[in-house]
Amino acid sequence: EQLTIVAIKLINNILAASNYNDAVVSMVAYNDGQEGYFPSWHIDKTHAETLNLSASLWNNTQNVFIITLKGASTLYHPMDEKTRQEFNGIASETTHTYGYDKDLRYIPGEGLDELFNLNTSYSADFGWGSVHLAGRLYGAVHTTPPGEERLLLIVTPGDVAIIKKLRNLAVM
């Protein structure tokens, strides 16, 4: 019950701050556990990329709020221009991301794992949030932390037309 109250307050605050009345809202819960964990380095797509819109047709600011309600914060890795070019050369494209494909094929020390190392990644301190850009050109590469149960609240405010388009795609 308390979690519901917190989630509703967060959603209402996000809607008020973004000047929208509508949003796509989802909750994601999972446990990567220590066994079988692998980093799924990826960059989130912008709405324009997800909806296959020309950047010149996209004049809305994208706001997707992903709030960790339980568990460790997202892990980030620094990426210079050379590494971004290498990433773009090997990253698979899915509905919402650039990175591993939908089958999450992972071979330690190869592909994206060769570019990024958990030991040199960083995250927000416990109790603090993090914000990152989406998109192939400037997006932040990130992954889930190992061995943690996580509960995420994802709120995407927007106008009704964009929300309908986003809802028609695979679940975020």
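Glu-93 pairs with Lys-45 in a salt bridge, with 2.8 Å between the closest N and O atoms. The two residues come from distant parts of the chain, 48 residues apart. Glu-93 sits in strand 5 (residues 92-93). Lys-45 lies in the loop between strand 2 (42-44) and helix 2 (47-50). Their surroundings contrast: Glu-93 is exposed, at 53% relative accessible area, whereas Lys-45 is buried, at 8%. The model is predicted.

Glu-93 has a second partner. Its side chain also meets that of Arg-136 in a salt bridge, at 4.0 Å from N to O. This pair again links distant parts of the chain, 43 residues apart. Arg-136 is in the loop between helix 4 (112-115) and strand 7 (142-143). Arg-136 counts as partly exposed, with 25% relative accessibility. Lys-45, Glu-93 and Arg-136 are thus linked in a network of salt bridges.

Another salt bridge joins the side chains of Lys-70 and Glu-149, with an N to O distance of 2.7 Å. Here strand 3 (residues 65-70) supplies Lys-70, and strand 8 (residues 149-158) supplies Glu-149. These partners are 79 residues apart. Lys-70 is partly exposed at 45% relative accessibility. Glu-149 is also partly exposed, at 41%.

The structure holds four salt bridges. Among them are these:

| Pair | N to O distance | Separation in the chain |
|---|---|---|
| Glu-93 and Lys-45 | 2.8 Å | 48 residues |
| Lys-70 and Glu-149 | 2.7 Å | 79 residues |
| Arg-136 and Glu-93 | 4.0 Å | 43 residues |

How values were computed. Residues are numbered from 1 along each chain as its sequence is written. This is a predicted model: local features need pLDDT of at least 70, side-chain atom pairs count only at pLDDT 80 or more; totals for chains, interfaces and linings use all residues. Side-chain values use heavy atoms; hydrogens and water are left out. Buried means under 20% relative accessible area, exposed over 50%, partly exposed in between (1.4 Å probe, protein chains only).
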